[in-house]
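Visitor: Got a minute to walk me through this one? I'd like to start with the core and then poke around.

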Amino acid sequence: MQNDVYDYTNPAAGVQRSSVLRKTYGLLALSFIPCAMGAFAAAATGFNIYGASGNRWIGFAIVLAFFYGMIFLIEKNRYSNVGAGLLMVFTFGMGGLISPLLQYSLGIPGGAGLVGTAAVMTAAIFGIMSFTAHKASFNTQSLSRFMMIGAVVLMIGVVANFAFHIPMLGLAIAGGFAVFSSLAIMWQTRVVIEGGEDSHISAALSIFISIYNLFSSLLQILLALAGSDD
């Protein structure tokens with residue numbers, strides 16, 4: 001345990017579950033500020049990791065290294081202010097990664113409406129899943145096992161689609177991520193409510209990733225339905 005903790009959950013302090021959830025939502029809301037900044041910075045500079053790397057597979061490897069490397073570092077500092085700071089760095093980077101999709105969407109006729117629709121749908125699903133987590137009774141361990149299998153299947157699909165770029169496969173993966181991310185929001189919220197997660201930094205990280213994937217998946221589905229899939 002690090003000594004620079006002053007406002008973050010300490011398992012030895014017996015923090016109330018409601019306090020952990022409240023701090024999770026607070027940190028989650030804060031994390032979208034650097035995410036928006038990252039998207040804006042990437043748009044302003046025209047940055048695209050796949051173009052900058054010169055090879056799509058190298059770019060893909062860099063994305064995976066950043067994603068899982070940052071998750072590892074954040075989890076390693078999950079009770080520290082350092083962890084909260086790393087979360088902000090992570091969300092900034094994720095904003096930069098989604099920027100090309102947003103730029104493409106906003107650059108087509110009616111694209112702004114699609115982005116807005118995806119955002120509203122994401123907010124609505126987040127609200128429904130959070131409400132369900134508070135009111136419904138379900139076995140979080142069984143859902144956790146199901147989601148682990150789902151995560152492996154989706155990652156295999158992501159790699160396959162990156163290699164072969166099959167439109168229908170990409171659409172199926174987007175649909176799978178939308179369902180998976182919705183369940184992940186409900187699951188993580190329920191785990192906090194039940195006291196199974198005592199770090200709101202970890203909880204905020206998990207829910208942020210779910211919201212991020214949910215939004216990007218919904219936007220890709222809307223683009224495909226509108227006949228503007230890239």
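**Core, pocket and one threonine**

Guide: Sure. This is a predicted model. The largest nonpolar core has 44 residues, and Leu 87, Phe 90, Phe 208 and Leu 219 touch the most other members.

Visitor: Which helices supply at least two residues of this core?

Guide: That would be α1, α3 (56-76), α4, α5, α6 (140-164), α7 (167-193) and α8.

Visitor: And which one gives the most?

Guide: α8 does, with 14 residues.

Visitor: Back to Leu 219, what does it touch?

Guide: Leaving out residues up to four places away in sequence, Leu 219 touches Leu 101, Leu 102, Ser 105, Leu 114, Val 115 and Ala 118.

Visitor: OK, switching to pockets. How much space lies in the second largest pocket?

Guide: About 260 Å³. It has 13 lining residues, and the closest to the centre are Phe 32, Cys 35, Ile 98, Leu 102 and Phe 215.

Visitor: Which elements give two or more residues to that lining?

Guide: α1 (17-45), α4 (81-106), α5 (111-135) and α8 (200-225).

Visitor: What's the lining like by class?

Guide: There are 12 nonpolar residues and one polar residue, with no charged ones.

Visitor: Last thing: Thr 140. Is that buried or exposed?

Guide: Thr 140, in helix α6, counts as buried because its relative accessibility is 13%, and the cut-off for buried is under 20%.

Visitor: So what is Thr 140 in contact with?

Guide: Setting aside neighbours within four places in sequence, Thr 140 is in contact with Trp 187, Arg 190 and Glu 194.

Notes: Residues are numbered from 1 along each chain as its sequence is written. This is a predicted model: local features need pLDDT of at least 70, side-chain atom pairs count only at pLDDT 80 or more; totals for chains, interfaces and linings use all residues. Side-chain values use heavy atoms; hydrogens and water are left out. On a 1 Å grid over the protein atoms alone, a cavity is a set of points where a 1.4 Å probe fits but cannot get out, and a pocket is an open set with protein on both sides within 12 Å along at least five of seven lines; lining residues have an atom within 4 Å of a point. Grid points are joined across faces, edges and corners, and a volume is the space filled by probe spheres set on the points. Helices (H or I, at least four residues) and strands (E, at least two) are DSSP runs, numbered from the N terminus. Ala, Val, Leu, Ile, Met, Phe, Trp, Tyr, Cys and Pro count as nonpolar, Asp, Glu, Lys and Arg as charged, and the others, Gly among them, as polar. A nonpolar core is a set of buried Ala, Val, Leu, Ile, Met, Phe, Trp, Tyr and Cys residues joined through side-chain atoms within 4.5 Å. Buried means under 20% relative accessible area, exposed over 50%, partly exposed in between (1.4 Å probe, protein chains only). Contact means heavy atoms within 4.5 Å.
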